[in-house]
Structures are given as C-alpha cells and as structure tokens.
Amino acid sequence: MFSWELLGDAIVLGVLVGCFYAAVSIGLSISFGLLDVPNVAHPALLVLASYGAWLLGDFDIDPIVAGLLLMPPFFVLGVVLYRTYHETFEKRGSDAGVRGLAFFFGIAFIIEVGIIMAFGVDQRTVQAIYIGKSVEVLDIRIPMRMVVAFAMALLLTLALTLYLSRTFLGRAIRAVAQDEAALRLMGADPIAIKQWAFGIATAVVALAGALLIIVQPVEPTLDRAYIGRTFCVVVMAGLGSMSGTLLAGIILGVAETIVLTLFGASWAPAISFTLLLIVLGVRPQGLFGR
Amino acid sequence: MGSGRIHRRTAVAGALAAGLALPVRAQQGPVKIGMSMPLTGGLAAGGKSALVGIEVWRDDVNEKGGLLGRKVELIVYDDKSSAAETPAIYSKLLDVDKVDLLFAPYATVPTAPIMPMVKQRDLLLMGNFSFQVNRTVKHDKWFNNAPWGPADSWARGFIDLGMKAGAKTIALIGADQEFAQNLMKIAKDVATEKGVKVVYEQSYPPATAEFSAMVRAIRAARADMVFVCSYPPDSVGLLRAINEIGIGDSVRLFGGGMVGLQFSSVMESMGSLLNGVVNYNSWLPEKSMEFAGTKDFFVKYQKRAGEAKVDPLGYYLAPFGYAMGQMVEQAANATKSLDHKKLADFLRSNEMMTIVGPIVFGPDGERKESATLMAQFRGVVDKNIEQFRNPGKQIILFPEKWKTGELVQPFEKARK
C-alpha cells in the first residue's frame with residue numbers, strides 16, 4: 001500500500017534508525033576500520049554494555065548517564081582485550097586475521113554465556129523519561145527514544161571526528177592505520193597507539209550499548225542480530241571513516257524503513273547486504289574510503 | 001535364594017521377549033519419570049518454571065506415599081532448548097536410565113523430534129505446552145497438558161470477541177517463524193470463514209529492532225482488530241511503538257497471540273503499556289479459575305520460585321506441569337498399573353480433575369474443548385509485580401464459562 005504520507009514517515013524514521021545504526025557501529029569503525037582487528041565480539045560487547053546500563057538502572061541512574069559511567073571500565077576492557085589479542089595472535093604472523101577471528105568469536109560466546117549464567121535468559125528493559133513518549137514534528141509522531149539515539153549518534157560522530165583529526169593521539173591512530181612501519185621509523189610505538197585506540201573503540205561501545213537498551217529490549221543472544229548490520233555499515237562507509245559511518249547508517253536505515261513500510265518487512269534484512277554488494281561492486285573502497 | 005534369582009531373571013527375560021519391559025520394571029524401586037527440559041537457551045525461562053511445577057507435584061505425591069506405593073523420582077536432562085538434543089536424551093532415558101514414564105520437554109521445538117520415537121516404541125508421552133506436534137504423527141498415547149484444544153481456538157476466540165464488538169476488518173501481523181506463521185494462517189482462514197475482511201497482512205523477520213514503521217502502516221490500514229503473532233522481544237517492541245505512535249481510533253481489539261506477555265519479567269517491565277491488550281493466556285488469578293488445590297500449589301511454587309530464580313508468579317506454565325503429574329497419578333491409581341496402554345486408555349476416556357480445572361482429551365491427545373483464555377489487561381501500573389497476584393488485572397473475556405468481565409473498547413480507550 002503506497003502513500004506519500006507513509007513514504008515521508010518512513011524517511012524521517014529511517015534517518016533516526018540509521019543514526020542509531022551508526023551509533024552502534026562507530027566503535028567497530030575504529031577497531032575494524034582503522035586498526036584492522038577482526039572484532040566480531042563488537043555486538044556482544046554492545047549487549048554486555050546494555051546489561052551494565054540495566055544494572056545501573058536499579059540505582060535510578062539514567063541509561064545515558066550509565067553509558068557514560070561504563071566508558072572507563074570498558075576502555076580498560078578494550079585495552080586488555082587488544083593486548084591479549086596482540087600477544088597471542090597479531091604478533092605471531094601473517095594468518096593473525098583468521099586466528100584473531102576465532103579469538104573474538106570465542107570472546108563473543110564467553111560474553112553471551114556469561115550473561116545467561118549471571119542474569120538468565122529473560123529480556124531486560126530500562127525506564128527513562130524519554131522512553132515510551134513521542135514528539136510531534138510536522139504531523140509525524142516520532143519516538144523520543146529514537147530522537148535520543150539520533151542526537152547521541154551525531155555527538156559521537158562529531159566527537160570522534162574531532163578527536164581523530166585535531167588531537168595528537170587521534171592523528172597517531174590515523175597514522176597507524178595508514179602506515180604502521182613508517183610510524184615505527186619515527187620512533188612511535190604503534191602497538192601502544194593501537195591499544196589506546198582499541199580502548200577508545202570499546203569505551204564508545206559502552207555508550208552505544210546504553211542506546212541499544214533505550215531503543216529496544218535486550219536479551220543475551222541479541223548480538224547475533226547486530227553482527228551483520230554493524231559490519232555492513234562499517235564496510236559500506238569505507239573502513240575508518242567516522243562521518244562515512246554516520247551516512248552509511250542513515251542510508252541503511254532509510255532503505256530498510258522504506259522497504260519495511262511499503263514493500264514488506266521480510267525483505268528488510270536483505271537490504272543491508274544488497275546495499276553492501278552494490279557498494280563493493282561499484283566502489284570497493286566504500287562510500288567514503290580513500 | 002539362588003533359585004529365586006534365576007526365577008526372577010527368567011521372568012524378566014520372558015517379559016522382555018514379550019515386549020512388556022516397563023510393567024516388570026515397575027515392580028522395583030522408585031517410579032522413574034524421565035524428561036528433558038530447556039534449562040538453558042531461549043526456552044529456559046519457561047522450562048525452569050515448568051520444572052518447578054512438576055517438582056512440587058513430585059513432592060506432594062511422595063508425601064502422600066508415592067505412586068502405587070512407590071516414591072516418584074524425576075530424571076531430568078537439559079536439552080538446551082535445542083531440537084537436536086532431545087532424541088538422544090530420550091533414548092538415554094529409555095535405554096540407560098530405564099525410566100517408567102516419560103514427560104515431554106516444555107515447548108514445541110524440543111518435543112517435535114521425539115514424537116516418531118515414542119510412536120515407534122509405543123510409549124505414553126505426556127506433552128508439555130507444545131502446539132500441534134501430534135497432528136501428522138497421530139500417536140494414540142500422546143496427551144498434551146496445554147489448554148489449546150483445536151488448532152484454530154486462539155484465533156477463533158479472538159475473532160469472535162472482535163465480531164461481537166462490531167469489528168468487520170482485521171490486520172494480521174506475525175514473526176517470520178513457523179509457530180507464528182501457522183497461527184497467522186489459521187487466523188486468516190478463520191477470518192475468511194467468518195466474512196471478516198483482511199485489510200493488512202505483514203510478516204516481519206525475527207531480528208526486527210524497530211516497529212514504528214510497521215505501526216504506522218497498520219494505522220493507515222484502519223483495521224477494526226489487529227491479530228498479532230509475536231515473540232517476546234517483538235511483543236515489547238510493538239507495544240512500545242504503539243504507545244509512541246498510536247494505533248488509531250478504528251482498532252477495537254488488539255493482541256491475540258503475543259508470546260511473552262504471560263511472563264512476569266515482561267509484565268513487570270511493560271507495566272501500563274499492557275493496558276487494553278487482549279491476549280491469550282493459560283491460567284490467571286481470577287475467581288473463576290480457582291479449583292481444588294490451586295491456591296496451595298501457588299503458595300508452594302512461589303516459595304520455590306524465589307529460591308530457583310524462576311518466574312515469581314508462574315501462572316502460565318507451572319500449574320500445568322503439576323497437572324501433568326496429577327493426570328498420571330489419577331490414571332495410575334485408577335488402573336493400579338504403570339502399563340502405558342492402560343494409562344493411555346484411562347486418560348483418553350476419562351475426565352481428569354486438576355488444579356487448572358477438569359481436563360478431557362480428544363482423539364488427537366489435545367484438549368477436546370479449548371481452555372485457552374483471552375484476557376484483557378486493565379488498570380496495570382508501572383514497576384509493580386505484586387499487582388498481578390490479585391484478580392482484576394487481566395479480565396477473562398473468553399471462554400464464556402470462565403468469563404470475569406466485558407471487553408473495554410476501542411483499544412485506545414482501553415489503554416487509558
């Protein structure tokens with residue numbers, strides 16, 4: 001059933017959903033896009049952060065604040081994860097990528113089973129003043145939780161873009177992504193920089209996990225639903241591009257929502273991979289890759 | 001002594017040869033009841049709760065002196081909510097543990113693969129809340145404890161309620177999974193049969209994260225009733241989106257087959273968002289649903305549920321686990337036997353009195369008459385699990401014999 005009103009609604013909602021996809025993918029854009037670490041545990045870390053926000057909710061802490069509070073411990077977790085990955089896989093040779101994949105799959109399973117053992121299989125939700133309410137803009141009722149996700153995605157993208165382009169460490173992270181050997185020749189320690197960057201990527205996941213539980217209920221195996229979407233957004237954007245991640249997320253969100261509204265929900269999951277195939281076919285370096 | 005042993009061995013060998021192994025084992029030791037149960041994985045929340053219900057029955061029957069004078073022992077293995085696990089588990093229960101009776105695991109998916117085996121070995125299997133697993137197998141010793149009855153009972157109850165409220169059109173939405181799709185197809189058939197026009201039909205993939213777009217499309221279709229076949233995460237997502245976007249004034253009835261709204265954790269987290277939804281259920285704490293032993297059971301269950309960290313209310317599954325034991329107990333006491341054929345004959349031809357009401361089976365081993373409830377959430381407040389312990393929060397609208405109130409409509413009014 002087609003109507004211009006439904007199409008307009010779908011585009012507006014798609015932008016909001018797309019920004020949410022960008023927010024949950026942007027950490028991966030650093031770890032996989034810039035550092036070339038096959039971090040398939042990214043969605044599991046996302047769900048772990050959601051459970052953290054849920055736990056802090058018992059103390060009447062707002063989910064966004066909870067996400068911010070979780071950032072330092074997640075930073076440390078990221079540093080430990082990268083150091084373990086580096087010592088056991090990365091520095092041992094050329095097949096690090098494949099073996100690293102197994103390592104991060106293992107981490108994802110441990111997180112998933114750990115959550116089940118600690119909190120059971122029930123789905124969890126949080127309460128906040130912006131959950132369950134909506135705002136009306138141009139005759140379109142928009143869920144407040146999606147507006148929050150939209151705003152946080154913009155802020156995260158802006159903050160990370162500024163950090164990576166204006167700070168010394170940020171530029172060092174970009175340098176290690178471009179030419180690790182050249183950086184080493186200049187006397188810098190690329191491993192320490194990658195470790196720092198992976199810590200930042202994981203800290204960002206903490207905030208994104210809080211957004212996830214704001215947008216939808218979470219349960220231990222939810223990570224499986226996000227593995228395809230997050231990797232699709234990052235690869236489609238062009239590895240390592242922060243603004244590209246935001247735009248790729250929006251493209252995916254709008255395409256999915258239009259298909260879901262006007263053509264049938266069953267086709268929606270195919271959209272991400274169809275877009276990915278088209279982009280890789282036409283522009284292999286991604287939409288915003290160099 | 002020696003000759004006695006030889007005599008017994010000969011008897012056992014003879015009985016085995018005659019295919020009567022189970023009644024002979026029944027002469028010794030405790031009565032072993034074997035089952036797998038989803039204690040981990042996606043079905044674990046329900047499986048654990050159902051098992052506590054069965055354990056309460058075991059302790060009650062043992063307190064009364066056991067089954068035919070023998071203690072009841074449960075042998076339970078975790079099937080991890082997986083259909084791949086159950087055939088091997090039930091083979092082990094029969095061939096290694098040598099159990100006397102079998103209970104099925106909770107839910108359709110783990111039960112379906114063991115149906116051919118129990119039919120082949122001609123064994124009694126007490127079903128545990130599965131849906132239509134015997135439809136093609138046609139085993140004559142299958143008896144399901146679930147209240148479903150005929151396959152179309154959920155949809156028929158809902159659509160009848162809607163038609164009484166003046167609904168002439170229906171929207172159908174459901175998850176893209178077998179159970180939900182079957183239910184949706186049945187609802188479409190019932191709607192067509194009754195002359196209700198289907199104005200919107202949509203399946204969505206299980207990983208759908210955001211339902212706002214779908215809710216907008218349903219609203220645009222201006223259906224009089226919306227039949228939803230959803231799983232727990234989708235049920236929550238849909239209700240949230242409806243609260244935010246609104247479903248429109250045309251909708252008189254919303255709900256039907258939403259899985260998850262029966263579980264305490266979901267009910268507590270959804271709170272007031274549940275108001276107005278008319279959904280299926282199995283047992284509710286309404287006056288019309290109190291039978292002999294019901295209150296005592298819930299006192300015992302809820303005490304254990306806290307210790308076992310399972311559903312603290314346990315209305316949906318646990319009393320039916322207990323009822324499963326009660327039915328076997330009544331059949332064994334009446335026939336003075338654990339012979340599967342005798343037990344099955346009794347179960348097939350008698351009315352069993354249980355804590356969830358009287359149960360009569362049809363020829364397919366499902367309830368002869370549906371006891372599936374359609375109830376409307378009313379006056380639910382946020383963050384309060386205790387409210388659900390009292391009558392009045394889920395008004396039973398169907399079936400007529402257990403009705404405790406009238407439908408409040410339209411849906412948007414009932415939500416307030």
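**Figure 1. A182(A) sits in helix α7 of chain A.** This helix spans residues 180-185. The model is predicted. A182(A) has 12 C-beta neighbours inside 10 Å, so this alanine counts as exposed. V15(A) serves as a distant reference point. It is 167 residues from A182(A) along the chain, and 40 Å separate the two C-alpha atoms.

**Figure 2. Chain A combines eleven helices with two strands.** Along the sequence the elements run α-α-α-α-β-β-α-α-α-α-α-α-α. The radius of gyration is 19 Å, close to the 19 Å from the globule rule for 290 residues, so chain A is as compact as a globular protein of that length. Its C-alpha atoms fill a box of roughly 60 × 50 × 35 Å along the principal axes. Buried residues make up 53% of the 290 in chain A. Contacts reach far along the sequence. Taking those between residues at least 6 apart, 79% join residues at least 24 apart.

**Figure 3. Helix α10(A) is largely enclosed by the rest of the structure, because 17 of its 21 residues are buried.** What span does α10(A) cover from its first C-alpha to its last? The helix reaches 30 Å, close to the 30 Å expected at 1.5 Å a residue. G264(A) follows α10(A). The phi of G264(A) is positive, near 130°.

**Figure 4. Chains A and B meet through 31 residues of chain A and 34 residues of chain B.** Four elements of chain A each supply at least two residues to the side that touches chain B: α1 (4-34), β2 (140-143), α10 (242-262) and α11 (268-282). Which of the elements gives the largest share? That is α1(A), with five residues. By class, this side of chain A holds 15 nonpolar, eleven polar and five charged residues. Helix α10(A) thus appears in two views: it supplies residues to the contact with chain B, and 17 of its 21 residues are buried.

**Figure 5. The largest nonpolar core holds 238 residues.** Which members touch the most other members? They are F20(A), A23(A), A49(A), A149(A), L211(A) and L102(B). Helix α8 of chain A, residues 190-215, gives the largest share of the core, 17 residues. Chain B also takes part. Domain 1 (29-144 + 292-355) and domain 2 (153-287 + 372-414) of chain B each provide at least three residues to this core. In soluble globular proteins, nonpolar side chains tend to be buried together.

**Figure 6. L211(A) is in contact with residues that include F20(A) and A149(A).** Its other contacts, leaving aside neighbours within four places in sequence, are A23(A), V24(A) and M152(A). F20(A), A23(A) and A149(A) are listed with L211(A) among the core residues that touch the most other members.

**Figure 7. Chain B is divided into domain 1 and domain 2.** Domain 1 covers 29-144 + 292-355, and domain 2 covers 153-287 + 372-414. How far apart are the C-alpha centres of the two domains of chain B? They lie 30 Å apart. The contact between them takes ten residues from domain 1 of chain B and twelve residues from domain 2 of chain B. On the side of domain 1 that touches domain 2, eight residues are nonpolar, one is polar and one is charged.

**Figure 8. Chain B contains 15 helices and 14 strands.** Its radius of gyration is 23 Å, close to the 22 Å that the globule rule gives for 416 residues, so chain B is as compact as a globular protein of that length. The C-alpha atoms of chain B fill a box of roughly 85 × 40 × 35 Å along the principal axes. Of the 416 residues, 54% count as buried. For contacts in chain B with a separation of 6 or more, residues 24 or more positions apart account for 73%.

**Figure 9. Y77(B) lies in strand β2 of chain B.** The strand covers residues 72-78. Is Y77(B) buried or partly exposed? Y77(B) has 19 C-beta neighbours inside 10 Å, so this tyrosine counts as partly exposed; the buried class begins at 20. Not counting residues up to four places away in sequence, Y77(B) touches S36(B) and I89(B). A167(B) is 90 residues from Y77(B) along the chain, and their C-alpha atoms are separated by 47 Å.

How values were computed:
Residues are numbered from 1 along each chain as its sequence is written. Chains are lettered from A and ligands numbered from 1 in the order in which they are written. This is a predicted model: local features need pLDDT of at least 70, side-chain atom pairs count only at pLDDT 80 or more; totals for chains, interfaces and linings use all residues. Two residues are in contact if their C-beta atoms, placed from the backbone, lie within 7 Å. Ala, Val, Leu, Ile, Met, Phe, Trp, Tyr, Cys and Pro count as nonpolar, Asp, Glu, Lys and Arg as charged, and the others, Gly among them, as polar. A nonpolar core is a set of buried Ala, Val, Leu, Ile, Met, Phe, Trp, Tyr and Cys residues joined through C-beta atoms within 7 Å. Domain bounds come from an automatic or database domain assignment. The expected span of a helix is 1.5 Å times one less than its number of residues. The radius of gyration is taken over C-alpha atoms; the globule rule is 2.2 Å times the number of residues to the power 0.38.
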